[in-house]
Amino acid sequence: MERYISGRLTRPRQELRGRLENEAKKRRQPQIRVKARKKAATTDGLVVSARARFGFTAAAGTTDDARIRDITQALPPQ
């Protein structure tokens, strides 16, 4: 792969080309997420999850030490 990325080789052998295409097709499915979002927006709703750090920069173990908060919110389809 490094030879193709660097530009030293531009055309892979027939066997390698087929294997590269198969691997790319396995991993690349751009419509899967779009379909899942449409389904969730019309039937199930969406679940939004976020993680944030709140607080001040202080020595570890003090009351001002920053804390990580996880927030999960379920939204209806509308």
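**Group meeting: a walk around a small-patch surface**

Okay, let's start on the outside: the protein exposes about 7600 Å², and carbon and sulfur atoms supply 53% of that. Just so everyone knows, what we're looking at is a predicted model.

Now, how much of this protein is buried? Of its 78 residues, 6% count as buried.

On to the secondary structure. There are three helices and two strands, and if you read along the sequence you get the pattern α-α-α-β-β. So much for the order; what about contacts? Take the contacts between residues at least 6 apart in sequence: 32% of those join residues at least 24 apart.

Let me zoom in on helix H3, residues 30-44. H3 has 15 residues, and from its first C-alpha to its last it reaches 21 Å. At 1.5 Å a residue you'd expect 21 Å, and H3 comes out close to that. Then look just after H3: Gly 45 takes a positive phi of about 95°.

Keep going and you get to strand S1, which covers residues 46-54. Val 48 has its place in this strand. Is Val 48 buried, exposed or partly exposed? Val 48 is partly exposed, because its relative accessible area is 43%, and partly exposed means anything between 20% and 50%.

And Val 48 has company on the surface. Which residues make the nonpolar patch there? They're Leu 46, Val 48 and Leu 75, and the patch comes to about 230 Å². If you want to find it on the structure, go to Val 48 in S1 and look for the two leucines, Leu 46 and Leu 75, that make the patch with it.

Terms used: Residues numbered from 1 in each chain as written. Predicted model: local features only at pLDDT ≥ 70, side-chain atom pairs only at ≥ 80, totals over all residues. Heavy atoms only, no water. Patch = residues over 30% accessible without salt bridge, like charges linked within 9 Å, V, L, I, M, F, W, Y side chains within 5 Å. Areas by Shrake-Rupley, 256 points an atom, 1.4 Å probe, with all protein chains shown as cover. Salt bridge = Lys/Arg side-chain N within 4 Å of Asp/Glu carboxyl O. Helix = DSSP H or I, 4+ residues; strand = E, 2+ residues; numbered from the N terminus. Buried < 20%, exposed > 50% of the residue type's maximum accessible area, 1.4 Å probe, protein only. Contact = heavy atoms within 4.5 Å. Expected span 1.5 Å × (residues − 1).
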